[in-house]
Every structure is written in C-alpha cells, then in structure tokens.
Amino acid sequence: MSSTIISDKVKYIGCDDKTLDLFENQYVVPEGVSYNSYVILDDKIAVMDTADHRVSEEWFANLAAALGDRTPDYLIVSHLEPDHSANIGAAMEKYPDMKLVCSAKAAGMLGQFFDTDFAGRVVTVKEGEALSLGEHILQFFMAPMVHWPEVMVEYEQTEKILFSADGFGKFGALDVDAEWDCEARRYYFNIVGKYGAPVQTLLKKAASLDIKTICPLHGPILTGDLSHYIDRYNTWSSYAPEEKGVYIPYASLHGNTKEAAEKLAEMITAKGVKAVLCDLSREDPAEAVEDAFRYDRMVCAASTYDGGIFTPMADFIGRLKSKTYQNRTVAFVENGSWAPMAAKLMKAEFETMKNITFIDTAVTIKTSVKPAVIADLEKLADELTK
C-alpha cells in the first residue's frame, strides 16, 4: 500500500470522512471511510469521479488546487452511487466546457440522480475504447454488476494504473494505519459479495493488463506486489474458503446456547483445529458475514424462539442468503425448552444455498447443557475435525 502520492501527473483529490457512523446507513465504520477521486493532468485533463456530498466543499478545494489555473476537459464517471457521484451536477455547472464520460447504462441513469441538463456533453464509451489525454491514454472496460449495472473501470496505459471503481475498496480513512485484508474483506462480502461471477469476469479482463497501481474509490492506493490483493479477490469472488477453521456463530437467549458453543469451540481447538466464536446478539452483523465466508466450516447454534429461529440467527442467515453463501460445510446446535425447532428450520434455509455439505450430527439442548449434550458436542467436534 502507499500514501496518496501517485505521480507528477496523476493526483489524488479525494477526502477522508471520519465522522460517518454508518456506511450506506448500515455498516459501522469506526475508522471512517475515504471517498477517492483523482485527476490526470496532461494536454487534456480528466477528473476521475467526484465524492460524497458530505465532503463537497473539501473535494472542490482539492480539485481547484490540483488544477491551478487550468480547467478540466473530462469528468470520468465509473460509478453513479451517490458516495462517488454527488458532485457531478455541480462540477458540470462549474466547468461548462467539461464533457462527462461514462458507460451507456450510466448515461441512461443520469436523469435519476440530477436535474442538470447534460445535453450534448455526455460521451458514452464502449468496451475497450480509449481516450487520449496526450501522453496518458485511458482505456475503458465495462464491469456490470460490480456492483451496480452501470459500472466501468479505466486503465491508464502509460503509467499502468487501474482505476478500479468499488473493486479493491476498503473501509477506513486513508490516515488509518491498518492492514488491508480485514476491512477489505468486510467491505467486499457486504458490498460486492453477491456478485462473484461479475467480479470473476472483471478479474479475467484485468489479467490481460500490465497493472502497476490500483486506484480504488475507497481505501488505500495499492502499489508494489499486487498479487496478494488480486489473489484475495479471486478467492472471495469464487466463493472459496480463505482459511480452514470452524466458525461458530451463536444466538443465545439466556446463556445456555452460548455455553454449548463455547464448549464446542474448546473441543475443536483441543483437536488442533481453529475455532472462532461469534455472539450474534452483540457482534457487528457485517463482521459476522465476513467471517462466515472466511472459514470452510460453520456451526450455527441458536435457540428456538416463538416456534422459529431466534432473531439474531434468523437475521444472520438471511444476510448470508442475500450474499449467495455457498461451498461450505455446515452443522447445527439448537436449544428449546419444550419444542426445539431451530435446527430443522436453519437447515431448511441453508438447503436453498449452493453446494452446502451438512453434518448429520445435530445437537439438541433442552434448556441447559447436561452430560448427554456434552457427549453429543464431542461427536460433533469429531465430525468437524476428522
């Protein structure tokens, strides 16, 4: 990873937002988020996306500082989501000679976002087309459903820069010193994760390019050996487990299901296999989704509630379904004082997902953890670790 310095001709003009509490009004961002934007200074000047309305004043100031006494010729729009497009209308009004360059799909959607009249100023580009700025040449590649239908990415041929839209993005402001994987993984599976096949298509296109730098719309600029980031994206988008281990999310009403989950984790760990616990009532749901995709095995432990699955677990499974969870081994622990139903109902939900292998040993707790339950947990631990 690098700082915001790219090159003499390619400048970072984005902004950090460290006061935002919820990204997309649902994902906690304790370290904030960056809204990345760039400008290429050549015979012609191209602005690469704008930024969220929360940082409009700062973004325009950054753009003006980079331009000096010049004006931009093009505004390249990779993605119309408001955290990147909020200032398009104002920028087009401020620079009346500037052209807007986007995909045909984006062009058709502009009226949904802006009242500004863009007539005669929109340039639509197709797959593989190029735009010369002088020394720098931008080549356009369509990336539909990564993660909106109008998305495209741009490859700058001279400096070998991939402007990757939301691809390779990460939660966290740029001044936060943190390793890339954790928050990039949480970002990927919760924002992009449903669209693994389109990401795979984009990765195949990127494989044909000589990329030296990746400039995403969120998170740090990636330089140096890019294989780690590309390998992670290949793993994530192919729905392959990243690590061997047993993830144990639990939803416990009075602590008994929690006790069983903790005992199971101890048994698994004693057998030399990694076990990771998650209290779904308290942990960030996006973090729980991230870890479910991270490991190759999972045990869902939940109480029966109102004849159904205790709410935190029901919500968690619903999130996994929406992100097309697949290619994993899953087992169940249930609790119910008079009519345990959670295991049956959880299994029915996972049966709608692709390539799920079930472990037949299901553990049923009737209120509290008794010796018979301990014995069943041992059997389950054996099944999970053999």
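User: I'd like to learn to read the sheet first. In what order do the six strands of the open sheet lie?

Analyst: Happy to help! In this predicted model, the open sheet runs β1-β6-β7-β8-β9-β10, with mixed pairing. At its edges are β1 (10-12) and β10 (122-125), each of which pairs on one side only. Neighbouring strands are turned by 25° against each other on average, direction ignored.

User: How many bridges join β1 to β6?

Analyst: Three, and the two strands run antiparallel, with β6 covering residues 38-41. To find the place by eye, look for Val-10, which stands opposite Ile-40 in β6.

User: Which helix lies across β6 and β7?

Analyst: That is α1 (residues 56-67), running at about 15° to β6. Helix α4 (residues 104-113) lies across β9 and β10 instead, at about 115° to β9.

User: Now salt bridges. How many does the count come to?

Analyst: The general idea is that side chains of opposite charge can pair when their charged atoms come close. Here the count comes to 20. One of them joins Lys-271 and Asp-382, at 2.7 Å from N to O. Lys-271 sits in the loop between α8 and β17 and Asp-382 in helix α12, so this pair ties together parts 111 residues apart in sequence.

User: Is Lys-271 buried, exposed or partly exposed?

Analyst: Lys-271 counts as partly exposed because its relative accessibility is 36%, between the 20% and 50% cut-offs. Asp-382, at 38%, is also partly exposed.

User: Where do Arg-319 and Asp-315 lie?

Analyst: Both are in helix α10 (residues 311-322), four residues apart, about one turn of the helix. Their side chains meet in a salt bridge of 3.0 Å, N to O.

Note on methods. Residues are numbered from 1 along each chain as its sequence is written. This is a predicted model: local features need pLDDT of at least 70, side-chain atom pairs count only at pLDDT 80 or more; totals for chains, interfaces and linings use all residues. Side-chain values use heavy atoms; hydrogens and water are left out. Two strands pair if DSSP finds at least two bridges between them. Axes are lines fitted to C-alpha atoms, for helices over the stretch in contact, and angles run from 0 to 180 degrees between N-to-C directions. Contact means heavy atoms within 4.5 Å. A salt bridge is a side-chain nitrogen of Lys or Arg within 4 Å of a carboxyl oxygen of Asp or Glu. Buried means under 20% relative accessible area, exposed over 50%, partly exposed in between (1.4 Å probe, protein chains only).
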